[in-house]
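Q: Can you walk me through this protein model? I'm new to reading structures.

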Amino acid sequence: VDYDYYQEQVKMFEDFYWMASENKLDMRIHSSDEWFRIDGSYKDFTMTQAEEAQRGEAPKKQVFYDAAVAASDPETDFTDIEIVFFAIPRGKSVFFHGGPHEFNFDWNGYLATDERDIYDTTTPGDWFLKNDDFEPPWVNYVHEVGHMLGIPHQANEDFKDGSQIWIQNPINGYEIMANQGGATRTMTSWLRWLAGWLDDDQVACITKAEVTENFYELTPINEVSGDVESLVIKLSDTKVVVIETRRFDPYFDRKTSHSKRGLLVYTVDATKASAQGNQVLLSPRDIQTYIEEPNWRSWQELDAVFFQGDSVVIEGIKIEAYSIGSETDVVRVTKTS
């Protein structure tokens with residue numbers, strides 16, 4: 001049962017990157033045909049959140065890595081393997097939080113296999129395994145592999161006040177690289193364009209000076225090979241505003257009582273680095289007033305979807321959801337000053 005469960009999680013991970021990359025990123029999955037038994041008791045490898053440490057000393061994490069490699073290496077050829085997901089039986093609590101993980105650029109543990117050293121790995125813990133109705137392991141795979149690919153964390157780790165989500169995580173709930181626990185499990189068009197997954201002709205680009213009264217038809221971002229999936233307005237040499245259109249995706253998204261059918265508008269600030277919240281949602285309402293969302297991490301989600309007729313003004317530019325259609329949406333951009 002656990003084997004089939006993990007196979008389903010890996011399939012979701014594979015399908016997500018097929019969608020997000022517009023079928024440009026091929027995740028070649030190599031799964032073992034059997035379980036490997038680590039000597040000793042699972043209690044020898046349990047870890048608290050502190051022991052799973054992303055940074056600093058983490059000796060207990062390396063003990064698990066070494067034991068897992070020792071058990072699997074004799075039957076596994078790691079020569080062409082770049083990323084490793086370890087699956088642990090779900091009957092007991094082993095990793096009490098998110099689970100140990102490493103990135104090739106930020107690691108304090110590694111897999112010393114016979115064939116090569118591997119610095120990209122993640123193993124979901126209780127955070128995902130015990131709450132998979134809300135946050136299943138595949139979202140952990142997507143999020144952590146995103147970092148392995150070089151996609152930065154989108155939360156603002158410099159800001160510690162968790163009561164002000166619109167500052168601490170300014171695109172929270174609408175971007176899997178900001179919060180994989182959000183109901184909407186996708187990546188913004190901006191991150192896809194930077195990665196080269198969206199072609200240039202799928203992104204409409206204008207400068208602030210070019211705005212008069214302009215209309216743009218946008219295809220929902222999860223539609224593979226959509227026509228134009230993003231509108232980028234350059235505000236300065238370091239800041240843009242991005243408009244894209246969203247739909248509820250029954251395959252990836254978690255169903256909620258709030259409609260996700262409409263536009264998403266956010267700024268991108270190039271002066272901010274990874275984990276400094278460089279993507280910031282704009283809202284046609286009050287971004288500081290949450291909508292109730294049955295999310296096991298929090299009951300609050302940012303109110304950011306633009307429905308038909310909604311608008312916002314930024315730097316003398318009015319961005320309006322002119323038409324929310326069955327297949328595409330139309331954005332009207334006008335100069336106000």
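A: Sure. One term to start: a strand here is a DSSP run marked E of at least two residues, numbered from the N terminus. With that, Asp106 can be placed: it is in the loop between strand S2 (101-102) and strand S3 (111-112). Keep in mind that this is a predicted model.

Q: Is Asp106 buried or exposed?

A: Buried. Its relative accessibility is 16%, and the cut-off for buried is under 20%.

Q: Which residues does Asp106 contact, leaving aside its neighbours in sequence?

A: Gln54 and Arg55, once neighbours within four places are set aside. With Arg55 there is also a polar contact between the side chains, at 3.0 Å.

Q: And how far apart are Asp106 and Asp80 in space?

A: Their C-alpha atoms are 21 Å apart, and 26 residues separate them in sequence.

Q: New topic. Which residues touch the most other members in the largest nonpolar core?

A: Phe16, Tyr17, Trp138 and Leu281 do, in a core of 62 residues. Several elements give two or more residues to this core, including helix H2 (59-72), helix H4 (137-148) and strand S10 (262-269). Helix H1 (2-20) is on that list too. H1 gives the most, with nine residues.

Q: Any other core?

A: Yes, a separate one of 22 residues, and Val211, Leu263, Leu282 and Ile319 are among them.

Q: Why would nonpolar side chains be buried together?

A: That is a general tendency in soluble globular proteins.

Q: Back to Leu281. What is it in contact with?

A: Not counting neighbours within four places, the list includes Pro170, Tyr174, Leu264, Ile287 and Ala304.

Q: Tell me about H1. How many residues does it have?

A: H1 has 19 residues. From first C-alpha to last, H1 reaches 27 Å, close to the 27 Å expected at 1.5 Å a residue.

Q: What do the buried residues of H1 pack against?

A: Strand S1 (84-85), H3, H4 and H6. The buried residues of H1 include Tyr5, Phe13, Phe16 and Tyr17.

Q: What comes just after H1?

A: Glu22, with a positive phi of about 60°.

Q: Let's do rings. How many aromatic pairs are there?

A: The structure holds 22. Take Phe16 and Tyr17: their ring centres are 5.6 Å apart and their planes sit at 85°, so this pair is edge-to-face. Phe16 is buried, at 0% relative accessibility. Tyr17 is buried as well, with a relative accessible area of 0%.

Q: What about Tyr110 and Tyr119?

A: That pair is stacked, because the planes are at 20° and the centres 5.6 Å apart. Tyr110 is partly exposed at 28% relative accessibility. Tyr119 is partly exposed too, at 26%.

Q: Which residues form one aromatic cluster?

A: Nine names here: Phe13, Phe16, Tyr17, Phe85, Trp138, Tyr141, Trp197, Tyr251 and Phe252.

Q: Which residue lies over the face of Tyr5?

A: Arg90, at 3.6 Å from the ring centre.

Q: Last one. Where is Glu301 found?

A: In strand S13, residues 300-301. Glu301 is buried, with a relative accessible area of 3%.

Q: What does the side chain of Glu301 make a polar contact with?

A: The side chain of Lys260, at 3.4 Å. Glu301 also touches Gly173, Tyr174, Ala183, Tyr290, Ile291 and Glu293, among others, not counting residues up to four places away in sequence.

Notes: Residues numbered from 1 in each chain as written. Predicted model: local features only at pLDDT ≥ 70, side-chain atom pairs only at ≥ 80, totals over all residues. Heavy atoms only, no water. Core = buried A, V, L, I, M, F, W, Y, C linked by side-chain atoms within 4.5 Å. Buried < 20%, exposed > 50% of the residue type's maximum accessible area, 1.4 Å probe, protein only. Helix = DSSP H or I, 4+ residues; strand = E, 2+ residues; numbered from the N terminus. Contact = heavy atoms within 4.5 Å. Polar contact = N/O pair within 3.5 Å; in protein donor to acceptor, adjacent residues only side chain to side chain. Phe/Tyr/Trp six-rings, centres within 6.5 Å; stacked < 30°, edge-to-face > 60°. Lys NZ or Arg CZ within 6 Å of the ring centre and 35° of its normal. Expected span 1.5 Å × (residues − 1).
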